[in-house]
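User: I'd like a close look at one small part of this protein and what lies around it. Keep it informal, please.

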Amino acid sequence: MKKDAAKIKPLLKKVKDGHLFLNGSLSYSYLSPYIQAANQHKVPFTIVQNLEADTDIGLVLTGSEGSLERDIFLD
């Protein structure tokens, strides 16, 4: 997962009025590269923790404009 942070950097550059939501159930060591990338590109982020929900989603990047790439999944 740490190596996937490089894959999201181009998206952070392109997103207009973006916001990054990170899954707070993940270890901070996994979240840290994404937090650093968000800070580098001045994209605000929120760490979300919902103990009542179970999800495989680690992050969501939103923006004010649509994208041709509707869903992007990193393994």
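Is Val 60 buried, partly exposed or exposed, and what is its relative accessible area? Please start there and work outwards.

Analyst: Happy to, with the reminder that this is a predicted model. Val 60 comes out as partly exposed, because its relative accessible area is 38%, and buried would need a value under 20%. Its place in the fold is strand β3, which covers residues 59-62.

Val 60 also belongs to a nonpolar patch on the surface, together with Phe 21, Val 48 and Ile 57. Between them, those four residues have about 300 Å² of accessible area. For scale, the protein exposes about 5,700 Å², and carbon and sulfur atoms supply 50% of that.

Now pick out Ile 57 from the patch. This residue is in the loop between β2 (45-48) and β3. Ile 57 counts as partly exposed too, since its relative accessibility is 46%.

From Ile 57 you can step across to Asn 23, a residue of strand β1. The two are 34 residues apart in sequence, yet their C-alpha atoms are 7.1 Å apart in space. A polar side-chain atom of Asn 23 sits 2.9 Å from the backbone oxygen of Ile 57. Asn 23 itself is buried, because its relative accessible area is 13%, and the cut-off for buried is under 20%. Leaving out residues up to four places away in sequence, Asn 23 touches Leu 31, Val 48, Thr 55, Ile 57 and Gly 58. Two names on that list, Val 48 and Ile 57, are also members of the surface patch.

Leu 31 takes you the other way, into the largest nonpolar core. That core has eleven residues: Ala 5, Ile 8, Leu 12, Leu 20, Leu 22, Leu 31, Tyr 34, Ile 35, Ala 37, Ala 38 and Val 43. At least two residues of the core come from each of α1 (5-14), β1 (19-23) and α2 (28-40). The largest share is from α2, with five residues. Take Ile 35 as one of the core members: setting aside neighbours within four places in sequence, Ile 35 is in contact with Leu 22, Tyr 28, Phe 45 and Ile 47.

Next, the loops. Leu 26 is in the loop between β1 and α2, and it is partly exposed, given a relative accessible area of 26%. Its C-alpha atom is 9.2 Å from that of Gln 49, with their positions 23 residues apart along the chain. In the loop between α1 and β1 you'll find Asp 17, which has a positive phi near 55° despite being a residue other than glycine. Asp 17 is exposed, with a relative accessible area of 61%. Lys 42, in the loop between α2 and β2, is not a glycine either and has a positive phi of about 55°. Lys 42 is exposed as well, at 74% relative accessible area.

Finally, zoom out. The protein has two helices and three strands, running α-β-α-β-β from the N terminus on. Of its 75 residues, 23% are buried. Among contacts with a separation of 6 or more, 80% are between residues 24 or more positions apart. The pairing of Ile 57 with Asn 23, 34 residues apart in sequence, is one you can look up in the model.

Methods:
Residues numbered from 1 in each chain as written. Predicted model: local features only at pLDDT ≥ 70, side-chain atom pairs only at ≥ 80, totals over all residues. Heavy atoms only, no water. Patch = residues over 30% accessible without salt bridge, like charges linked within 9 Å, V, L, I, M, F, W, Y side chains within 5 Å. Areas by Shrake-Rupley, 256 points an atom, 1.4 Å probe, with all protein chains shown as cover. Salt bridge = Lys/Arg side-chain N within 4 Å of Asp/Glu carboxyl O. Helix = DSSP H or I, 4+ residues; strand = E, 2+ residues; numbered from the N terminus. Buried < 20%, exposed > 50% of the residue type's maximum accessible area, 1.4 Å probe, protein only. Core = buried A, V, L, I, M, F, W, Y, C linked by side-chain atoms within 4.5 Å. Contact = heavy atoms within 4.5 Å. Polar contact = N/O pair within 3.5 Å; in protein donor to acceptor, adjacent residues only side chain to side chain.
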